Amino acid sequence: MIKILIVDDEKPICDLIDLNLSAAGYHCTTVQDGVTALRMIEEGRYDLILLDVMLPGVDGYDIMEYIRPLKIPVIFITAKYEVKDRVRGLKLGADDYLVKPFDVVELVARVEAVLRRYNKAENILTAGDVTVDVEARQVMRAGTPVVLTNKEFGLLLLFIRNKNVALFRETLYENVWEGEYSGDSRTVDLHVQRLRKKLGWERCLVTVYKVGYRLEVPQ
């Protein structure tokens, strides 16, 4: 299982990230200060580090200097939004830079992108009796192949990577159709209905009133 270290001095943010990445199938460890983070990095083996800049003890930039020789991918997550801050983080060797507040769907997508770059991404995803081979773009339900369109496959990946998270129709449309959402929900709704039927998800892929949809999977 992919191991991720989350370093942020705000516990609610750590908990939010942990909740969503754990639901996506990652093993997460959280710490709230720089000194503890350095100890955890020294003692443990992590596939990815999510790193805040402003930390008590040792700041994120200094931690990045320590991480760089270890070749561990890093995503900075910080409230420091100025271009000079992003440039500094990237020059230090960070693989990506996400500014608070952020959308958890975007966070999961960026984590996936960085892990793929390092050939560490999980290629097999599961939810109930549904298994997805991401690289081969193959979907199985209870051992039987399921044929999905490209858009249905894109929706499936979003739902399965964000289990138990309510996803706005706007988020679904902009991630799968890669365009600006006009407010017309018919396209998204039609594709979700087809996905439900093909995967037998009539009960677990639920409609969230005035929001969108949520894939409900037991933790």
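These legends describe close-up views of a predicted model.

**View 1. Helices α6 and α8 cross at roughly 80°.**
Helix α6 covers residues 150-161, and helix α8 covers residues 186-199. Their axes come within 10 Å. The two helices are therefore roughly perpendicular to each other. From α6, the contact uses K151, E152, L155, L156 and F159. From α8, it uses H191, V192, R194, L195, K198 and L199. Of the residues in this contact, six are nonpolar, one is polar and four are charged.

**View 2. L155 sits in helix α6.**
Is L155 buried or exposed? Its relative accessibility is 0%, so L155 counts as buried. Which residues does L155 touch, once its neighbours within four places in sequence are left aside? They are L172, V176, W177, H191, V192 and L195. Of these, H191, V192 and L195 belong to the α8 side of the contact in View 1. G89 makes a useful reference point for L155. The two residues are 66 apart along the chain, and their C-alpha atoms are separated by 32 Å.

**View 3. Helix α7 has buried residues on one face.**
Helix α7 runs over residues 169-176. Its buried residues are R169, T171, L172 and V176. Seen down the helix axis, they fall within an arc of 165°, so they line one face of α7. A general rule helps in reading this view. An α-helix has 3.6 residues a turn, so residues three or four places apart point the same way. What do the buried residues of α7 pack against? Their partners are the helices α5 (104-117), α6 and α8, together with the strands β10, β11 and β12. Two of these buried residues, L172 and V176, are in contact with L155 of View 2. Just after α7 comes E178, with a positive phi of about 55°.

**View 4. Three strands form an open sheet.**
The strand order is β10-β12-β11, and the pairing is antiparallel. Which strands lie at the edges? They are β10 (167-168) and β11 (205-208), and each pairs on one side only. Strand β12 spans residues 212-215. Four bridges link β11 and β12 in the antiparallel sense. One pair to find is T207 with Y213, its bridge partner in β12. Between β11 and β12 lies a loop that holds K210. Phi of K210 is near 60°, a positive value in a residue other than glycine. K210 is exposed, with a relative accessible area of 67%.

**View 5. D189 lies in helix α8.**
How accessible is D189? The value is 14%, so D189 counts as buried. Leaving aside neighbours within four places in sequence, D189 is in contact with R169 and Y213. R169 is one of the buried residues of α7. Y213 is the bridge partner of T207 in the sheet of View 4.

**View 6. Helix α8 packs on a sheet of four strands.**
This open sheet has the order β6-β7-β8-β9, with antiparallel pairing. Its edge strands are β6 (124-127) and β9 (144-146), and each pairs on one side only. From one strand to the next, the twist averages 25°. Strand β8 (residues 138-141) joins β9 through three bridges, in the antiparallel sense. Here V139 stands opposite V146 of β9. Where does α8 touch the sheet? The helix meets β7 (130-133), β8 and β9. Its direction makes about 55° with that of β8.

**View 7. Two loops flank helix α5.**
Start with the loop between β5 (96-99) and α5, where P101 lies. A cis peptide bond joins K100 and P101, with omega about -10°. Next comes the loop between α5 and β6, which holds N119. Phi of N119 is near 55°, a positive value in a residue other than glycine. Why look twice at such places? Most residues other than glycine have a negative phi, and most peptide bonds are trans. Is N119 buried or exposed? N119 is exposed, with a relative accessible area of 72%.

Terms used:
Residues numbered from 1 in each chain as written. Predicted model: local features only at pLDDT ≥ 70, side-chain atom pairs only at ≥ 80, totals over all residues. Heavy atoms only, no water. Axes fitted to C-alpha atoms, helices over the stretch in contact; angles between N-to-C directions. Parallel < 35°, antiparallel > 145°, perpendicular 65-115°, else oblique. Contact = heavy atoms within 4.5 Å. Nonpolar A, V, L, I, M, F, W, Y, C, P; charged D, E, K, R; others polar. Pairing = 2+ DSSP bridges. Buried < 20%, exposed > 50% of the residue type's maximum accessible area, 1.4 Å probe, protein only. Arc of directions from axis to C-beta.
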